[in-house]
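Let's take a walk through this structure together. Keep the view open and follow along as we go from residue to residue.

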Amino acid sequence: MTKMNSEQMERFLVTPRLGMLSTLAGDGAPVTVPVWFEWDGATARLFAAVNSGKIRRIERDPRASLVATNAVGEPESWVAFDGDAVITTEGAADLAERLAHRYWDMTDEAHVATVKSWHEAAAFLRIVSITPSRVRTSIG
């Protein structure tokens, strides 16, 4: 496999892809969960509930990796963002709404209701940001 150049990476990340967020448990074991994310060219962002396991793990140890992969049927490719995760409070419901529009069909009333509930519970949402210290890529 070959590394992606910047243009290939940006083109790859334009397509909505699930990210696999890896954080570390208290005993050092990796814990990986699928997440929605956005990449702005410098930082990857996702949202989480304040009482979620990922928030607890990042508070304990900020080291994280977020990997976006190809969809089934696409050539094997991936981008990994490695670095320390930072948790912030402002704007988490807005990020959640942006991501909902990216990942969901927002003509579905159930999805609209979920986004509304996120705004109503905004105080309980957090943004997790990873400004990577290392970006790894591969393109098939």
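**A walk from ring to ring**

Let's start at phenylalanine 47, which touches Trp36, Ala92, Leu95, Ala96, Leu99, Trp118, Leu125 and Arg126, leaving out residues up to four places away in sequence. Keep in mind that what you're looking at is a predicted model. Phenylalanine 47 sits in strand β4. Its relative accessible area is 16%, and since anything under 20% counts as buried, phenylalanine 47 is buried. If you want a sense of distance here, try glutamate 59: its C-alpha is 14 Å from that of phenylalanine 47, with the two positions 12 residues apart in sequence.

Now for the rings. How many aromatic pairs does the structure hold? There are 7 of them. One is made by tryptophan 36 and tryptophan 118, which meet edge-to-face, with 6.2 Å from centre to centre and 80 degrees between the planes. This pair links distant parts of the chain: tryptophan 36 is in the loop between β2 and β3, while tryptophan 118 belongs to helix α4, and the two are 82 residues apart. Both tryptophan 36 and tryptophan 118 are buried.

Another pair looks quite unlike an edge-to-face one. The ring centres of tryptophan 39 and phenylalanine 81 are 4.2 Å apart and their planes are at 25 degrees, so this pair is stacked; the cut-off for stacking is under 30 degrees. Tryptophan 39 comes from strand β3 and phenylalanine 81 from strand β6, so the pair ties together parts 42 residues apart in sequence. Are these two residues buried or exposed? Tryptophan 39 is buried, with a relative accessible area of 16%, and phenylalanine 81 is buried too, at 0%.

Go back to phenylalanine 47 for a moment. Ring pairs join Trp36, Phe47, Tyr103, Trp104 and Trp118 into a cluster. Elsewhere, a ring has a charged partner: arginine 17 lies over the face of phenylalanine 12, at 3.7 Å from the ring centre.

Next, find the helices α3 and α4. Two packed helices are described by the angle between their axes and the distance between the axes. For α3 and α4, the angle is about 165 degrees and the axes are 9 Å apart. Angles over 145 degrees count as roughly antiparallel, so that is the label for α3 and α4. The crossing of α3 and α4 is right-handed. On the α3 side, the contact is made by Ala93, Asp94, Ala96, Glu97 and Ala100; on the α4 side, by Val115, Trp118 and His119.

Let's move on to leucine 66, in strand β5. With 0% relative accessibility, leucine 66 is buried. Its C-alpha is 4.4 Å from that of leucine 21, although the two are 45 residues apart along the chain. Beyond residues up to four places away in sequence, leucine 66 touches a list of residues that includes Leu21, Val35, Phe37, Val79, Phe81 and Ile130.

Our last stop is valine 50, in the loop between β4 and α2. Valine 50 is partly exposed, because its relative accessible area of 29% falls between the 20% and 50% limits. Setting aside neighbours within four places in sequence, valine 50 is in contact with Ile55, Phe124 and Arg126. From valine 50 to alanine 122, the C-alpha atoms are 9.9 Å apart in space, and the residues are 72 apart in sequence.

Technical notes. Residues numbered from 1 in each chain as written. Predicted model: local features only at pLDDT ≥ 70, side-chain atom pairs only at ≥ 80, totals over all residues. Heavy atoms only, no water. Phe/Tyr/Trp six-rings, centres within 6.5 Å; stacked < 30°, edge-to-face > 60°. Helix = DSSP H or I, 4+ residues; strand = E, 2+ residues; numbered from the N terminus. Buried < 20%, exposed > 50% of the residue type's maximum accessible area, 1.4 Å probe, protein only. Lys NZ or Arg CZ within 6 Å of the ring centre and 35° of its normal. Axes fitted to C-alpha atoms, helices over the stretch in contact; angles between N-to-C directions. Parallel < 35°, antiparallel > 145°, perpendicular 65-115°, else oblique. Left-handed = near helix turned anticlockwise from the far one by under 90°. Contact = heavy atoms within 4.5 Å.
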